[in-house]
Amino acid sequence: MRTRSNRAPECGLCGARMKKNGHDRLGRQRWMCPGCRTTGAVRDLSRRRRAELAEFLGWLLAPSPQPSGSRAFRKRTSWCWGLRP
Ligand SMILES: [Zn+2]
């Protein structure tokens, strides 16, 4: 079993130690959270996460059914359940 790097950053969402996830085009280390599948591309991700959270809250706070493709919707927004208000 490989040991986890001491330099592994903590996940910004769930606080878990992230795992190495290859390298990007420029050869920099990329990281992936084993808990919530967050990768090290924080900037792109946060924009997507905001959209997902908006979608999630739109569903949560409205008396409407889940959007079409609700399985994908649940998977896409499952990380939102881990958030503390
Ligand atoms: Zn995480």
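This is a guided tour of one protein chain, stop by stop, for you to follow in your viewer. Keep in mind as you click along that the model is predicted.

**Start with the whole chain**

Show the chain as a cartoon and colour it from the N terminus onward. You will find 2 helices and 2 strands, and their order from the N terminus is β-β-α-α. The chain has 85 residues, and buried residues make up 20% of them. Now switch on a surface: the accessible area is about 6900 Å², with 52% of it belonging to carbon and sulfur atoms. If you like contact maps, consider the contacts with a separation of 6 or more: residues 24 or more positions apart account for 20% of these.

**Select Cys33 and Cys14**

Go next to the loop between strand E2 (29-32) and H1, where you will meet Cys33. Is Cys33 buried or exposed? Cys33 counts as buried because its relative accessible area is 0%, under the 20% cut-off. Add Ala16 to the selection and draw a distance between the two C-alpha atoms: Ala16 and Cys33 are 17 residues apart along the chain, and their C-alpha atoms are separated by 6.9 Å.

Then pick Cys14, which has a relative accessibility of 44% and counts as partly exposed. How many disulfides does the structure hold? The number is 0.

**Select Asp24 and Arg28**

Time for some charged side chains. Side chains of opposite charge can pair when their charged atoms come close. The model has 3 salt bridges, and the tour visits each pair in turn.

Show Asp24 and Arg28 as sticks. Their side chains meet in a salt bridge, at 3.1 Å from N to O. Asp24 is partly exposed, with a relative accessible area of 24%.

**Select Arg49 and Glu52**

Move along to helix H1, which covers residues 42-60 and includes Glu52. Show Arg49 as well: Arg49 and Glu52 form a salt bridge, and their closest N and O atoms are 3.8 Å apart. Both residues lie in H1 with a spacing of 3 residues, about one turn of the helix. Are these two partners buried or exposed? Both Arg49 and Glu52 are buried.

Stay on Glu52 for a moment. Its relative accessible area is 5%, so Glu52 falls under the 20% cut-off for a buried residue. Which residues does Glu52 contact, leaving aside neighbours within four places in sequence? They are Arg76, Thr77, Trp79 and Cys80.

**Select Arg76 and Glu55**

Arg76 from that list has a salt bridge of its own. The side chains of Arg76 and Glu55 meet at 2.6 Å, N to O. This pair links distant parts of the chain: Arg76 sits in helix H2 (residues 70-77) and Glu55 in helix H1, 21 residues apart. Arg76 is partly exposed at a relative accessible area of 33%, and Glu55 is also partly exposed, at 26%.

**Select Thr77**

Thr77 is another of the residues that Glu52 contacts, and Thr77 lies in helix H2. With a relative accessibility of 1%, Thr77 counts as buried. Turn on the backbone atoms of Phe73 and look at its oxygen: a polar atom of the Thr77 side chain lies 2.7 Å away. Now ask the viewer for contacts of Thr77, skipping residues up to four places away in sequence. You should get Glu52, Glu55 and Phe56.

**Select Leu57, Leu60, Leu61 and Trp81**

Bring the surface back and colour these four residues. Together they form a nonpolar patch on the surface, with about 440 Å² of accessible area. One of them, Leu57, is found in helix H1 and is partly exposed at 35% relative accessibility.

**Finish with Leu83**

For the last stop, go to the segment after H2, where Leu83 has its place. Leu83 is partly exposed, with a relative accessibility of 33%. Which residues does Leu83 touch, not counting those up to four places away in sequence? Leu83 touches Leu13 and Leu53. Draw one more distance, from Leu83 to Leu13: the two are 70 residues apart along the chain, yet their C-alpha atoms are separated by 7.9 Å.

Notes: Residues numbered from 1 in each chain as written. Predicted model: local features only at pLDDT ≥ 70, side-chain atom pairs only at ≥ 80, totals over all residues. Heavy atoms only, no water. Helix = DSSP H or I, 4+ residues; strand = E, 2+ residues; numbered from the N terminus. Buried < 20%, exposed > 50% of the residue type's maximum accessible area, 1.4 Å probe, protein only. Contact = heavy atoms within 4.5 Å. Patch = residues over 30% accessible without salt bridge, like charges linked within 9 Å, V, L, I, M, F, W, Y side chains within 5 Å. Areas by Shrake-Rupley, 256 points an atom, 1.4 Å probe, with all protein chains shown as cover. Salt bridge = Lys/Arg side-chain N within 4 Å of Asp/Glu carboxyl O. Polar contact = N/O pair within 3.5 Å; in protein donor to acceptor, adjacent residues only side chain to side chain. Disulfide = S-S within 2.5 Å.
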